[in-house]
Amino acid sequence: MTRPNSRRPMSRAAYQARLAALKTEHPWLARQVVEPAPGHLAVLAHFVGQCELLMKPADYRHLPLFCATNQRDKLSLRVELVGASINRDRALLDLIEAARHAAQQHCPVCSAPVIGGDANAGQGVRCKQHEATIGLFAEDLKRNHKLAVAAGLLPAATKPEKSVRGEPLDPSIDDAVHALVQSLPDMQPPAAAPDQPAPQAPRATPQIAFLDAAGLRSFVERHRAKPDEKGKRAQYIAERIRAAGHERRKLGELPDDWTELIEDFQRDFPNFAELAEVLHDHFALHAMGDGRVAWSPILLVGPAGIGKTEAARWLAARLSLHFRVIDMASTQSSSPLAGSESFWSNSEPGVVFELLAYQPLANPVIVLDELDKTDQQRQYDPLAALYTLLEPRSACDFIDLSIRDFAIDASHVNWIATANSIESIPAPLLSRMTVLHVQAPTPAQVAHIARQIYGRMRAESPWGSGFAPTLDDQVVDKLKNLPPRTLGLALKRAGACC
């Protein structure tokens, strides 16, 4: 028996020939991006044929958007038909999902069947022959294998020059033996001992359906014929949404050492122990699931200048999430959050829409600073949008006032509000948040915070090497009675005077 060519790595020349044949059979692909993994060519060819059943003659005159690439051993597809109806658009999305799942059941190197592939997983699955290899083409596999052997990562293969009878070996025998071995059924490794835990499969990156693609297309088509700037603005918004992930968004994940992150937070912000405890509970719960970063809306209540906003900024930076602060004291309406009405000539989307629509992650950190100082006596209540945004069930269908054609999923935003007191905050908003009272740090805690700020400033500033590695005890004794907000300014001014 010989191993079929479809089960062996493909050379670059053979790959290019297969792509040329596919584009010859489907001429409209000539000006499209078609770069799938070699093992996914058959799946892609079937998908292209199915797409043509949904296409009309007008689609060939105005080329559709088509992009097929390889992303971490997975087939990535982007297809958009010009002027497609809602039903055709949904049928196309179904075909894309079917093709992605079919590709995950085939090795990206040799197209051999694999079991357990998940189209939503962060990494594609390779067959047993190629699961420990690097590269997709035969030339790359051989080169990388040689480099791994030279680096000592893999043992060097020893080939005898003579048989046991002392006869010279025929080099052609190697190919025949290789074909015979590949035709044999795969041998299962012995089961792990009871005291040895089975290795955990890599966790898939959590994703959400962010918006309805048909609604986005309707928004663009409705403004396409308008001669003013609104048509260009609608096209610009749609392009940025597609660039960030189109109808899907990823969720930022917890780091593997999230428990150490909580410990670092407690060390840098010793007076926020209650917040650290709440975050620990949320993180422990989500670490048991898909590992997303999520917590229920939190209200930090305490004196001014104790580091409430800085604590939120620290968390967003360490969790690699986008961060935005909204000054609620100067907000005159809900437009900074929910956008301005579309009938205004200068209508613009709100912060929530911009953060979610233009970024690849759907769980940023938004801080509502000085929530208790919001002027609620105005004609347009600045807090109105929060009644929807802080409730997950309603936030999942959030509609920005400047773009009413489609809703977005804003239920994964991580909210942190700050206030000096809760007296002026409406009870319905308080019921939507976890209220934590933060006390001003003690002099001993301020001394610790001062050392942390000094170390961070020294490490991040170009002039930091000109100062001592640690603060002198006499300096710390002078700083420990200052509020945390002024510590950084005091240290910079002291350094400038030296």
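Is Asp268 buried or exposed? Asp268 is buried, because its relative accessible area is 9%, under the 20% cut-off for that class. Keep in mind that we're looking at a predicted model.

## The salt-bridge network around Asp268

Asp268 doesn't sit there without company. Arg267 forms a salt bridge with Asp268, and the closest N and O atoms are 3.8 Å apart. Arg267 comes out as partly exposed, because its relative accessibility is 37%. So this pair joins a partly exposed arginine to a buried aspartate.

There's a second pair to look at here. Arg318 forms a salt bridge with Asp264, with 3.2 Å between the closest N and O atoms. Arg318 belongs to helix α11 (residues 308-318) and Asp264 to helix α9, so this contact ties together parts that are 54 residues apart in sequence. Asp264 is buried, with a relative accessible area of 18%, while Arg318 is partly exposed at 36%. Put the pieces together and you get a network of salt bridges linking Asp264, Arg267, Asp268 and Arg318.

## A salt bridge inside one helix

The structure holds 14 salt bridges, and another of them is found in helix α4. Arg100 forms a salt bridge with Glu97, the closest N and O atoms being 3.0 Å apart. Both residues lie in α4 (residues 86-103), and they are 3 residues apart, which is about one turn of the helix. As background, side chains of opposite charge can pair when their charged atoms come close.

How covered are the two partners? Arg100 is buried, with a relative accessible area of 15%. Glu97 is partly exposed, with a relative accessible area of 31%.

## A negative patch by helix α9

Back to α9 for a moment. Which residues form the negative surface patch? Asp256, Asp257, Glu260 and Glu263 do. Glu260 lies in α9, which covers residues 258-268. Its relative accessibility is 45%, so Glu260 counts as partly exposed.

## Strand β8 and its neighbours

Strand β8 (residues 365-369) is mostly covered, with 5 of its 5 residues buried. Look at where the side chains go: Val365, Val367 and Asp369 point one way, Ile366 and Leu368 point the other way, and all are buried.

What does β8 pair with? Strand β7 (residues 323-327) pairs with β8 in the parallel sense over 5 bridges. Asp327 has Asp369 as its bridge partner in β8. β8 also pairs with strand β9 (residues 414-419), again in the parallel sense, over 4 bridges. For that pairing, Ile366 stands opposite Trp415 in β9.

## Strand β6, between β9 and β10

Which residues cover the two faces of strand β6? On one side of β6 (residues 298-301) are Ile298 and Leu300, on the other are Leu299 and Val301, and all are buried.

β6 pairs in the parallel sense with β9 over 4 bridges, and Leu299 has Ala417 as its bridge partner in β9. There are also 4 bridges joining β6 to strand β10 (residues 434-437), and these two run parallel. Here the bridge partner of Leu300 in β10 is Leu436. If you want to trace this part of the sheet on screen, β9 pairs with β8 and with β6, and β6 is joined in turn to β10.

## Two contacts across the sequence

Ala273 lies in helix α10 (residues 273-287). Its relative accessibility is 39%, so Ala273 counts as partly exposed. Where does the chain come back to this residue? Ala273 and Val438 are 165 residues apart in sequence, yet their C-alpha atoms are 8.6 Å apart in space.

The other example involves Asp397, in the loop between α15 (392-395) and β9. Asp397 is exposed, because its relative accessible area is 54%, over the 50% cut-off. Asp397 and Ile408 are 11 residues apart in sequence and 5.6 Å apart in space, C-alpha to C-alpha.

Conventions:
Residues are numbered from 1 along each chain as its sequence is written. This is a predicted model: local features need pLDDT of at least 70, side-chain atom pairs count only at pLDDT 80 or more; totals for chains, interfaces and linings use all residues. Side-chain values use heavy atoms; hydrogens and water are left out. Patches are made of residues with over 30% relative accessible area and no salt bridge: like charges are joined within 9 Å, nonpolar side chains (Val, Leu, Ile, Met, Phe, Trp, Tyr) within 5 Å. Accessible areas come from the Shrake-Rupley method with a 1.4 Å probe; for residues, only the protein chains shown count as cover. A salt bridge is a side-chain nitrogen of Lys or Arg within 4 Å of a carboxyl oxygen of Asp or Glu. Lys and Arg count as positive and Asp and Glu as negative; His and the chain ends are not counted. The place of a charge is taken as NZ of Lys, CZ of Arg, CG of Asp or CD of Glu. Buried means under 20% relative accessible area, exposed over 50%, partly exposed in between (1.4 Å probe, protein chains only). Two strands pair if DSSP finds at least two bridges between them.
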